[in-house]
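Here are my notes for a first look. They take the ligand first and the aromatic side chains after that.

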Amino acid sequence: TFILFSLLAAGASAQHSHKLLPAEQEIPLNYGADRLGKRYDADMQKFRDNRLGAFIHWGLYAIPGGEWNGKVYPGAAEWLKSWAKVPSGEWLELMKQWNPTKFDARKWAKMAKEMGVRYVKITTKHHEGFCLWPSKYTENTVANTPYKKDLLGEMVKAYNDEGIDVHFYFSVMDWSHPDWRYDVKTPEDSAAFSRFLTFTDNQLKELATLYPTVKDFWFDGTWDASIKKNGWWTSHVERMLKEMLPGVTINSRLRADDYGKRHFDSNGHLMGDYESGYERRLPDPVKDLKVTRWDWEACMTVPENQWGYHKDWSLSYVKTPVEVLERIVHAVSMGGNMVVNFGPQADGDFRSEEKELAKSIGAWMKKNGQCIYGCDYAGWEKQPWGYYTRKGSDVYMVVFNCPYSKHLTVKTPKGTQVVKAALLNRKSVKVVETARNEYNVDMPAQEPGEPFVIKLQIKEAAGVVDKYRDALT
Ligand SMILES: C[C@@H]1O/C(=N\OC(=O)Nc2ccccc2)[C@@H](O)[C@H](O)[C@@H]1O
């Protein structure tokens with residue numbers, strides 16, 4: 001079985017293979033998925049209902065902002081240490097300049113509230129190894145900078161005070177730790193990496209103990225062979241955090257199983273509580289409907305690929321608010337969450353483009369948020385005008401593209417009728433049945449000038465009279 005399975009596993013597609021084997025062919029795993037299927041407890045339901053989040057990528061990399069020794073690197077700014085091949089000792093000198101004088105956690109929380117995000121994911125430690133909290137397991141922390149104070153603690157309190165959940169991003173890969181290894185090949189490697197895993201355990205326990213209102217851990221920096229060869233540890237971390245913080249959610253990216261399979265274990269079952277592979281890309285609304293079988297969260301950058309602050313946003317395309325909004329709606333329409341990224345400046349303020357974006361998305365959410373929060377995949381056939389979302393028996397049409405026909409085609413599943421349609425401001429729009437399970441929903445009389453939402457009242461009674469009798473062929 002093992003040989004057969006190894007061939008099967010080798011043939012499986014990339015890390016996102018979810019090919020489920022018939023139950024009797026499943027192989028025994030010690031470090032595979034702890035649970036089959038979605039979680040339905042209150043904490044996971046809150047994660048799901050939140051739907052819209054914001055990422056905060058903030059670290060030493062915000063100081064150089066993509067430029068090193070007079071050269072501007074177009075790659076992701078939070079990877080500048082790598083692009084410019086800066087030794088750790090030299091990179092950590094930046095700590096001497098870390099003093100965000102304009103940082104005001106309450107202002108940050110107000111901005112998030114105004115945008116309508118229900119949660120914020122904060123980089124507690126990115127690959128560079130600089131900690132935004134005063135960790136006692138390393139010198140590379142905010143405590144040893146001119147700022148001194150516990151930045152993470154200030155943020156957690158401010159966001160929570162605004163009713164916004166806080167999630168922690170944590171990079172396992174730590175470029176500044178002498179015991180980090182990309183691979184474990186020698187006895188020296190395994191001694192060092194074992195020390196590294198203990199160090200990481202200690203930091204995670206510290207985060208869970210100091211900030212017990214944290215709702216989620218989003219692990220990153222877990223793609224290297226060293227982690228894939230230690231799937232047991234990733235399973236231990238998930239169990240340790242869930243023991244310390246019952247209800248906490250953990251992303252699939254942490255996890256590797258007994259054979260180094262990531263995200264989905266060797267039997268095709270999702271590990272962790274939600275799939276976190278959709279980064280700067282989204283599943284296709286027609287071809288990738290498989291994602292509606294599990295919980296997932298996408299994240300996106302506003303420029304093509306900048307998570308940390310980069311001084312020059314002219315180097316790539318910057319998405320407009322409507323383009324950001326469409327990705328948010330697209331994710332929710334397929335049963336996923338969307339996290340929009342912000343890369344604060346070193347001084348603790350945000351660039352104007354990000355402030356404008358937050359305002360613009362927030363204004364739309366204030367009017368239309370009921371088609372996002374608590375909504376899920378509707379199960380109806382995708383149409384060119386936009387996306388469906390659904391909450392119970394309420395189906396929403398979120399319209400991004402207006403057809404010259406002035407009608408929005410709606411095709412309902414068998415046995416489902418559209419009874420009424422109305423704009424969210426309650427002005428009704430005409431609905432005409434055009435064929436079996438097909439309707440024309442009128443465009444609103446006034447051109448809304450921005451993406452708009454139509455709420456459908458439907459009837460799913462079984463045994464609907466089928467007045468269209470197909471001709472006998
Ligand atoms: C959110 C982003 O996450 C990262 N890396 O993500 C991935 O490697 N993503 C990935 C990899 C393979 C498949 C799908 C996504 C980091 O390197 C980056 O600086 C940023 O923090």
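How many nonpolar, polar and charged residues does the shell around the ligand have?

1. The shell by class. Please keep in mind that this is a predicted model. Around the ligand there are five nonpolar residues, five polar ones and four charged ones.

2. The nearest residues. The ligand has 14 residues around it. Those that come nearest are H57, E78, H126, H127 and R253.

3. Polar contacts and cover. H127 places a polar side-chain atom 2.8 Å from an oxygen atom of the ligand. R253 does so at 2.9 Å, again with an oxygen atom of the ligand. For E279, the partner is a nitrogen atom of the ligand, and the distance is 2.9 Å. Taken alone, the ligand exposes 480 Å². The protein buries 80% of that area.

4. Aromatic pairs. A search of the whole structure gives 31 aromatic pairs. Take F196 and F199 as one of them. Their ring centres are 5.9 Å apart and their planes meet at 45°, so this pair counts as tilted. The angle is neither under 30 degrees, as stacked would need, nor over 60, as edge-to-face would need.

5. Where the tilted pair sits. F196 and F199 belong to helix α7, which covers residues 187–210. They are separated by about one helical turn, because they are three residues apart in that helix. Are they buried or exposed? F196 is buried, at 0% relative accessibility. F199 is buried too, with a relative accessible area of 7%.

6. An edge-to-face pair. The ring centres of Y387 and F400 lie 5.9 Å apart. Their planes are at 85°, so the pair is edge-to-face. Y387 is in strand β10 (residues 386–391). F400 is in the loop between β11 (394–399) and β12 (407–411). The pair therefore ties together parts that are 13 residues apart in sequence. Y387 is buried, with a relative accessible area of 7%. F400 has 15% relative accessibility and also counts as buried, because the cut-off is under 20%.

7. Charges over rings. Y387 has a further partner: the charged end of K382 sits over its ring, 4.4 Å from the centre. Elsewhere, R118 lies over the face of Y373. The distance to that ring centre is 3.5 Å.

8. An aromatic cluster. Which residues form it? W58, W98, F103, W108, F130, Y147, F342 and F350 make up one cluster.

Terms used. Residues are numbered from 1 along each chain as its sequence is written. This is a predicted model: local features need pLDDT of at least 70, side-chain atom pairs count only at pLDDT 80 or more; totals for chains, interfaces and linings use all residues. Side-chain values use heavy atoms; hydrogens and water are left out. Rings of Phe, Tyr and Trp (its six-membered ring) pair if their centres lie within 6.5 Å; planes under 30 degrees apart count as stacked, over 60 as edge-to-face and the rest as tilted. Helices (H or I, at least four residues) and strands (E, at least two) are DSSP runs, numbered from the N terminus. Buried means under 20% relative accessible area, exposed over 50%, partly exposed in between (1.4 Å probe, protein chains only). A charge sits over a ring if NZ of Lys or CZ of Arg is within 6 Å of the ring centre and within 35 degrees of the ring normal. A residue is near a molecule or strand if one of its heavy atoms lies within 4 Å of it. A polar contact is a pair of N or O atoms within 3.5 Å; within protein, one must be able to donate a hydrogen and the other to accept it, and residues adjacent in sequence count only if both atoms are side-chain atoms. Accessible areas come from the Shrake-Rupley method with a 1.4 Å probe; for residues, only the protein chains shown count as cover. Ala, Val, Leu, Ile, Met, Phe, Trp, Tyr, Cys and Pro count as nonpolar, Asp, Glu, Lys and Arg as charged, and the others, Gly among them, as polar.
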